[in-house]
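Thanks for making time this morning. I would like to walk you through a structure that is probably new to most of you, so please have a look at it before I go on.

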Amino acid sequence: MSAPVFKMLTANRLRDGDVLYRKGGGWVLTLAEADLYADAPAAEAALAQAEAELAQNIVVAPYLFDVRQEDGAVRPVKEREIIRAAGPTVRPDTGKQATA
Amino acid sequence: MNAPFPAPVAPNMYRYDEFDARFVGERVEQFAGQVARRLKGELTEDQFKPLRLMNGLYLQLHAYMLRVAVPYGTLSSRQIRKLAHIARTYDKGFGHFTTRQNLQFNWIKLVDVPAILRELADVEMHCIQTSGNCVRNVTADQFAGATPEEIEDPRPLAEIIRQWSSLHPEFVFLARKFKIAVGATPHDRAALQFHDMAVEVVRNAEGRVGYKVMAGGGMGRTPYIAHVMREFVEREDILAYLEAVLRVYNQDSRRDNIHKQRIKILINAIGPEEMRRRVDREFQELKRMGTLQLPREELDRITAYFAPPAFETGLPDTLPEAGPDFANWTRTNVHPHRAPGYAIATITLKTIGQVPGDCSAEQLDVIADIMDEFSLGEVRVTHEQNLVLPHVRKKDLPAIFAKLQELDFAAPNAGLITDIIACPGLDYCDLANARSIPVAQAIARKFADLDRQHEIGELKIKISGCINACGHHHAGHIGILGVDKKGVEFYQLLLGGSGAEDASIGEIMGPGFGEHDIADAVERVVGVYLAQRRPEERFLDTYRRIGMAPFKQAAFQKEAA
């Protein structure tokens, strides 16, 4: 049986495009630090709040994505989000993986 | 010792006049203002997005990406050094040459974009119309002005088209993007028939030079080969004719469905005959008005920028002996030049294991030095993500090869199975469904043995990470399309495509392969070719003769076992 699916919220920082993840009422740089939403209402509420904050011009393009928690670690369900969280698989010297 | 070329003041390429410089400068400041307003919140993202796209700025998977226009793929050493400087100063030390002869920076900060655009303007470069629903960067044969095959240099026409289509008031908000390519040889190196519109320099039965115009080609979700709109357009009528094609497209294309907005959909919906009739009606009207006649003196003025360099005479016209590695390189990467004693040299950015098309700032700087010392300060970008030194003395080739070896850019594989086109794919692109680059690397490693590559001969592999087909998978002898299968990367094989003069659309083999199986499947397909080919047959020829079935059977052999 596969691990339950949670939601996380991500966006890009307006001024430099960096990938951010939602934590509390703010944003953090790494997926590992971010909030997990256990159910759809909580996830949708976080997204609605982030969209309401767009006028503050901190982030752009917020959206939810699926993750699983396995062996204590959070891992996105889709390859796209795994790569987004780490950086290009062909350039480990770039992206968040470079400073991990 | 050979005396190097004196460092040229400027290569034989178009140079901005006062109007160009003012236009680009004003556009930079306009966009700088828009960036400032966005950062202050005076523009919403919805308002800003079309503005940034018209200036080549995307928001990708990890960061902003800035696409720099390289008109018809021509760059001077000064421009290359500026690109190196930008890569080093504002990016992560490298850039990526694309399948539209442009260069992309993958790690750009929005706050830095105005400064970058000012730096680009200093060397007569910009990012205008490298994205958005407008006429994109005009591409051309990378051997233009150097190959003995051509009727005439197509770059003057490409430059005239660039000027005509830059901020053309009627065509700034087209239904979708519009890509134009120009060529002048029977051997098509510019994938003309896969463009929205293409112009081929031709000679008619009376021996007069004019233009064959094609339209409605394209890749993406619905691939089509272009239809000939008119076999021969007189020189002075070419802008009127191109304008007529674009006007019909702009007026009659669908704007209600993003998948049906390209000119290929319009032409194939109404039929090429009807399209020709509509274009002809507009063309006659434009001719009657006479405002778009191309004066001979204007064509001559632009052509003068591209006048052939003063080639040395009396040079040795044989390739030097410089060892087996050099001989292997010249076999695939060196092509005949129009001037005795000269050659065209291709630098494949495809050393085994490299990211196709990537180039570091340090490599760019050394390439600029090579350009100045050996190639009259000029380089061309190819749609196959390589670089070309268009004018090199044959006697200098060993020295060039030695410098390329130091750069790790001396792969002797132009046109061979490891000279693979790959889009950025899911490693960078927000639209991608699967990675392209690691697949290209895995295939290149599998076929790294040079003797094996030579045994296989010409075989073009082209890989896209999504249906948008930036990696030209429809036109690959072997095409690979990455798809998302329930969150996992999956790869479809296509066989029999060609982007050359014998253009064809690849046929999908059927179910796809996993990330770790696709390179092995390609190897089994190649094995069928080697077993079944006849003398002188390329992979494409064998495929066209024997069809999909034996290849498909072999490709899935392991899965069936």
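Before I come to the strands, one term is needed: two strands are said to pair if DSSP finds at least two bridges between them. With that in hand, and keeping in mind that what you see is a predicted model, let me begin with one pair in chain B, where strand 2 (residues 64-68) and strand 5 (residues 103-108) run antiparallel and are joined by four bridges. One of these contacts can be picked out by name, since B:Tyr64 has B:Ile108 in strand 5 of chain B as its bridge partner. As a general reminder, the strands of a sheet pair through backbone hydrogen bonds, and the pairing is either parallel or antiparallel.

This pair belongs to an open sheet of five strands in chain B, whose order is 1-2-5-4-13 and whose pairing is antiparallel. At the edges are strand 1 (57-59) and strand 13 (358-360) of chain B, each of which pairs on one side only. From one strand to the next, the twist averages 30 degrees.

Which helices lie against these strands? Helix 3 (residues 77-90) of chain B lies across strand 4 (94-97) and strand 5 of chain B, and runs at about 15 degrees to strand 5 of chain B. Helix 4 (residues 113-122) of chain B also packs on the sheet, where it touches strand 1, strand 2 and strand 5 of chain B, and its direction makes about 15 degrees with that of strand 2 of chain B.

Let me now turn to the interior. The largest nonpolar core has 186 residues, and those that touch the most other members are B:Leu66, B:Val182, B:Val213 and B:Val245. Helix 6 (residues 238-252) of chain B gives the most to this core, namely ten residues. If we stay with B:Leu66 and leave aside residues up to four places away in sequence, its contacts include B:Gln104, B:Phe105 and B:Ile108, together with B:Val113 and B:Ile116.

Stepping back to chain B as a whole, we find 18 helices and 21 strands, and 54% of its 561 residues count as buried. A compact globule of 561 residues would have a radius of gyration near 24 Å, and the 23 Å of chain B agrees with that. Its C-alpha atoms fill a box of roughly 65 × 60 × 60 Å along the principal axes. Among the contacts in chain B with a separation of 6 or more, 68% are between residues 24 or more positions apart.

Chain A, for its part, has two helices and five strands, and from the N terminus on its elements run β-β-β-α-β-β-α. Its radius of gyration is 13 Å, close to the 13 Å that the globule rule gives for 100 residues, so chain A is as compact as a globular protein of that length. Buried residues make up 33% of the 100 residues in chain A.

How many residues of chain A are in contact with chain B? There are 23, and they meet 23 residues of chain B. On the chain A side, the elements that give two or more residues are strand 4 (59-70) and helix 2 (79-86) of chain A. The largest share, four residues, comes from helix 2 of chain A, and the residues of this side divide into nine nonpolar, seven polar and seven charged.

Technical notes:
Residues numbered from 1 in each chain as written. Chains lettered and ligands numbered in written order. Predicted model: local features only at pLDDT ≥ 70, side-chain atom pairs only at ≥ 80, totals over all residues. Core = buried A, V, L, I, M, F, W, Y, C linked by C-beta atoms within 7 Å. Buried ≥ 20, exposed ≤ 12 C-beta atoms within 10 Å, placed from the backbone. Contact = placed C-beta atoms within 7 Å. Rg over C-alpha atoms; globule rule 2.2 N^0.38 Å. Nonpolar A, V, L, I, M, F, W, Y, C, P; charged D, E, K, R; others polar. Axes fitted to C-alpha atoms, helices over the stretch in contact; angles between N-to-C directions.
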